[in-house]
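Hi,

Here is the structure I promised to pass on. Have a look at it first, and then read my notes underneath.

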Amino acid sequence: MSYLQTKNQYITVEGLKIAYRELGQGKSQYPLVMLVHLAATMDNWDPRLIDNLAEKNHIIVMDLPGVGASEGKIAESIPCMADQAIAIIKALGYQKINLLGLSMGGFIAQEIVRLDANLVNTLTLAGTGPRAGIGVDKVTGVTFKHMANGFLHGADAKRYIFYNPDKAGKVEAHKVLDRLASRPKDTKDKDMKVSSFLKQLKAIKSWGKAEQDTLDFIKVPTFIVNGDNDVMVPTQNSYDMHEKIQDSKLIIYPDAGHGAIFQYAEEFVDELNNFLN
């Protein structure tokens, strides 16, 4: 898998050394910028998903300041994280992008559109919800619950956060977790710091308790995707966003949760490519 062999590149943005990775340069008119979930570095993107997307798209993933190998500190709020992402994108030389946000990355992606709508050509929101959406302010409690569950069972917490608790969910989880674990040491990102993780949780809780959003500022073509049993950001949020965002596209995958785009990687890539084209 080529993404497993892709090493970090670095760019200086506002005095900070920022880590990012690129694949598929020149394969699409606009790069697809992908923002990852809570407590994650670039190593947490499923390599199968990235490789399939890179067959037809120029892909850019990044560590925001304070995450992984990027210098700096975690921003205090989701809008400030969005501002950081915009600065990185423009420092890389792009004035127009396709944007995908997974979970917390989806929160940030919405704020990017709010701050700079002209930057975004299309928006994809995966396993996420709107500001003050159902359960968004409870992400901290849900996260710690599943971290404890993972500890008790000697398993990665993502097995319980991203996949159904049944036997089929366990099988799907280990397919992805095994791929993530197969990255060579010389291409690994730096680990997420506990202090950075806690700051992200604080920012999410504040965003979840803020004023409820109408999403009427989102005018770009929007694709919303989730599993039918998302325990981290409840699936109902995807239906709510679809109702609020005019002409948006919605797909809910069966027998899947927060990690639906990894579990259904091939199907999702086909749908996303059709949407982008």
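Let's start with one pair of residues: tyrosine 20 has methionine 62 in S4 as its bridge partner. Those two belong to a bigger pairing, in which S2 and S4 run antiparallel and share four bridges. Strands count as paired here if DSSP finds at least two bridges between them. The names come from DSSP runs numbered from the N terminus: helices are H or I runs of at least four residues, and strands are E runs of at least two.

Before you go further, note that this is a predicted model, where local features need pLDDT of at least 70 and side-chain atom pairs count only at pLDDT 80 or more, while totals for chains, interfaces and linings use all residues. Residues are numbered from 1 along each chain as its sequence is written, and side-chain values use heavy atoms, with hydrogens and water left out.

The sheet

In what order do the strands of the open sheet come? The order of the eight strands is S1-S2-S4-S3-S5-S6-S7-S8, and the pairing is mixed. At the edges are S1 (9-13) and S8 (249-253), each of which pairs on one side only. From one strand to the next, the twist averages 25 degrees.

S1 and S2 are antiparallel and joined by five bridges, with valine 13 standing opposite leucine 16 in S2. These strands form a hairpin with two residues between them. One residue to look at there is glutamate 14, in the loop between S1 and S2. Its phi is near 50 degrees, which is positive even though glutamate 14 is not a glycine. Glutamate 14 is also exposed, at 72% relative accessibility. For this, buried means under 20% relative accessible area, exposed means over 50%, and partly exposed is in between (1.4 Å probe, protein chains only).

S2 itself is another matter: six of its eight residues are buried, so the strand is largely enclosed by the rest of the structure. Further along the sheet, S3 (residues 32-35) and S4 (residues 59-62) are parallel, with three bridges. Methionine 34 faces valine 61 of S4.

The core and the helices

Which residues touch the most other members of the largest nonpolar core? Met34, Trp45, Leu49 and Ile112 do, in a core of 93 residues. (A nonpolar core is a set of buried Ala, Val, Leu, Ile, Met, Phe, Trp, Tyr and Cys residues joined through side-chain atoms within 4.5 Å.) Helix H3 (residues 78-91) gives this core its largest share, eight residues. Isoleucine 112 is in contact (heavy atoms within 4.5 Å) with several residues beyond four places away in sequence, including Leu35, Ala82, Ile86 and Val120.

H3 lies across S1, S2, S3, S4 and S5, at about 110 degrees to S1. Such angles are taken between N-to-C directions, from 0 to 180 degrees, with axes fitted to C-alpha atoms, for helices over the stretch in contact.

Now find H9 (residues 236-244), where Asn237, Ser238 and Met241 are buried. Seen down the helix axis, the buried residues of H9 fall within an arc of 100 degrees, so they line one face of the helix. That arc is taken over the directions from the helix axis to the C-beta atoms. In general, an α-helix has 3.6 residues a turn, so residues three or four places apart point the same way. The buried residues of H9 pack against H4 (104-115), S6 (120-126), S7 (222-227) and S8.

Two buried polar side chains

Arginine 131 is in the loop between S6 and H5 (139-153). Is arginine 131 buried or exposed? It is buried, with a relative accessible area of 17%. Its side chain reaches the backbone oxygen of glutamate 211 at 2.7 Å. That is a polar contact: a pair of N or O atoms within 3.5 Å, where within protein one must be able to donate a hydrogen and the other to accept it, and residues adjacent in sequence count only if both atoms are side-chain atoms.

Glutamine 263, in H10 (residues 260-263), is buried too, at 13% relative accessible area. A polar atom of its side chain lies 3.0 Å from the backbone oxygen of aspartate 255. Aspartate 255 sits in the loop between S8 and H10 and has a positive phi of about 55 degrees, though it is not a glycine. Aspartate 255 counts as exposed, at 59% relative accessibility.

Have fun with it!
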